[in-house]
Amino acid sequence: MEDKKIISANTMLLATSASLTFFWILNIFKEGYKEVQNFLNFYPSVGPLLGLFIFSTVVLIVAFVVLEKLKIRNQKFAFKIFIVSVLLFAFMVFPPVFKIIVKLI
Amino acid sequence: MPELINGLSKISLLRHFANFHGALGMFSLIFLGAGIVLYFFTTKIKLAVNWLRLILLGLFINLSLLDIAGLSIYTAYRAENGPRTILKASKETAWLHTIVFEHKEFLAFAPPVLIFTALFIVLKTGDSFGDKQKLNYLRLAVISCLILSLLFVLIVASEAVLVTKVAPI
């Protein structure tokens with residue numbers, strides 16, 4: 001029972017990592033490709049930002065459901081992935097950084 | 001007093017909403033402070049875990065409302081002849097939109113997600129959350145969520161002040 005709770009908590013850490021990583025990658029594609037921007041722009045008053053928020057939240061839920069099947073017991077592993085993902089997210093959503101990648105794609 | 005009521009009534013509903021958005025940001029700082037303090041008590045007092053759970057729930061609701069309010073005000077920011085147009089019109093102020101505001105809107109996604117993660121861990125582990133040996137890394141993840149969220153909220157708030165000083169809603 002206790003093991004199951006730790007597995008769920010580890011899964012949530014990895015699902016959050018997946019969601020944050022998906023966010024900055026989708027943001028780069030949104031900036032680089034007009035088609036992606038139009039696809040995310042389903043409510044023009046707010047713009048593609050709303051689509052970015054909604055899809056990243058969906059990824060969080062889907063990743064949790066999928067990753068829970070892997071039964072990850074290693075807390076240290078989940079924590080390390082989580083910290084790296086959050087720091088990478090903070091770095092990759094900074095416009096002077098991600099616009100360099102946008103220019104390359 | 002009538003002067004105050006008269007003055008407040010003259011402020012547009014949108015400005016009131018923008019101020020409410022700012023107030024939500026400030027409330028989150030109180031919740032974050034309480035969460036960080038309570039975290040360190042969870043190894044000593046069992047009741048602290050219950051309080052941490054409540055604070056994280058309140059904080060998650062607060063941060064979610066903050067993002068929803070932010071997205072709602074964003075429509076006014078993007079409107080024709082709105083602050084975005086004013087900022088982009090001049091080369092001297094364009095960076096406030098293309099760098100500062102864009103960074104603010106993207107970074108704002110993280111705090112509610114991080115606090116939801118912390119809440120989930122505290123809810124799942126229950127009273128054993130205080131067990132330092134068994135849940136060492138999960139406990140580290142919770143305090144990281146709180147500290148990183150605090151950092152992100154402070155950055156987002158500072159960026160908002162920077163932009164609204166030049167082009168208010």
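Two residues are taken to be in contact here if their C-beta atoms, placed from the backbone, lie within 7 Å, and with that cut-off in mind the tour of this predicted model can start where the two chains meet.

**Stop 1: the contact between the chains.** Select both chains and display the residues that touch across the boundary, where you should find 30 residues from chain A and 25 residues from chain B. On the chain A side, colour α1 (2-32), α3 (48-68), α4 (75-92) and α5 (95-104), since each of these helices supplies at least two residues to the side that touches chain B. The helix that gives the most to this side is α1(A), with 10 residues. If you then colour that side of chain A by class, it divides into 20 nonpolar, 8 polar and 2 charged residues.

**Stop 2: chain A by itself.** Hide chain B and follow chain A from its N terminus, where the order of elements reads α-α-α-α-α, with 5 helices and 0 strands in the chain. Turned along its principal axes, the C-alpha atoms of chain A fill a box of roughly 50 × 25 × 20 Å. Of its 105 residues, 38% count as buried, and among the contacts in chain A with a separation of 6 or more, 78% are between residues 24 or more positions apart.

**Stop 3: chain B by itself.** Now show chain B and hide chain A; chain B has 7 helices and 0 strands, and its pattern along the sequence is α-α-α-α-α-α-α. The C-alpha trace of chain B spans about 55 × 45 × 20 Å along its principal axes. Buried residues account for 37% of the 169 residues in this chain, while 76% of its contacts with a separation of 6 or more join residues that are 24 or more positions apart.

**Stop 4: F41(B).** Within chain B, select helix α2 (residues 13-41), which is where F41(B) is found. F41(B) has 15 other C-beta atoms within 10 Å and is therefore partly exposed. A distance drawn from F41(B) to L59(B), C-alpha to C-alpha, comes to 18 Å, for two residues that are 18 residues apart in sequence.

**Stop 5: the largest nonpolar core.** Bring both chains back and select the largest nonpolar core, which has 69 residues, and in which L56(B), I115(B), A118(B), I121(B), V122(B) and V142(B) have the most contacts. Helices of both chains supply at least two residues each to this core, namely α1, α3 and α4 of chain A and α2, α3 (47-78), α5 (94-107), α6 (110-125) and α7 (136-166) of chain B. The helix that gives the most to the core is α1(A), with 12 residues. Centre the view on V142(B) and, leaving aside its neighbours within four places in sequence, you will find it in contact with Y39(B), A118(B), I121(B) and V122(B).

**Stop 6: α4(A) against α7(B).** For the last view, keep these two helices, whose axes come within 9 Å and cross at roughly 15°. Angles under 35 degrees count as roughly parallel, and α4(A) and α7(B) are therefore roughly parallel to each other; the crossing in which α4(A) passes α7(B) is left-handed. Show side chains for Q75(A), K76(A), F79(A), F82(A), I83(A) and V86(A) of α4(A), and for Y137(B), L138(B), L140(B), A141(B), S144(B) and L148(B) of α7(B), which make the contact. By class, this contact has 9 nonpolar, 2 polar and 1 charged residues.

Definitions and conventions: Residues are numbered from 1 along each chain as its sequence is written. Chains are lettered from A and ligands numbered from 1 in the order in which they are written. This is a predicted model: local features need pLDDT of at least 70, side-chain atom pairs count only at pLDDT 80 or more; totals for chains, interfaces and linings use all residues. Helices (H or I, at least four residues) and strands (E, at least two) are DSSP runs, numbered from the N terminus. Ala, Val, Leu, Ile, Met, Phe, Trp, Tyr, Cys and Pro count as nonpolar, Asp, Glu, Lys and Arg as charged, and the others, Gly among them, as polar. A residue is buried if 20 or more other C-beta atoms lie within 10 Å of its own, exposed if 12 or fewer, and partly exposed in between; C-beta atoms are placed from the backbone. A nonpolar core is a set of buried Ala, Val, Leu, Ile, Met, Phe, Trp, Tyr and Cys residues joined through C-beta atoms within 7 Å. Axes are lines fitted to C-alpha atoms, for helices over the stretch in contact, and angles run from 0 to 180 degrees between N-to-C directions. Angles under 35 degrees count as roughly parallel, over 145 as roughly antiparallel, 65 to 115 as roughly perpendicular and the rest as oblique. A crossing is left-handed if the near helix is turned anticlockwise from the far one by less than a right angle, and right-handed if clockwise.
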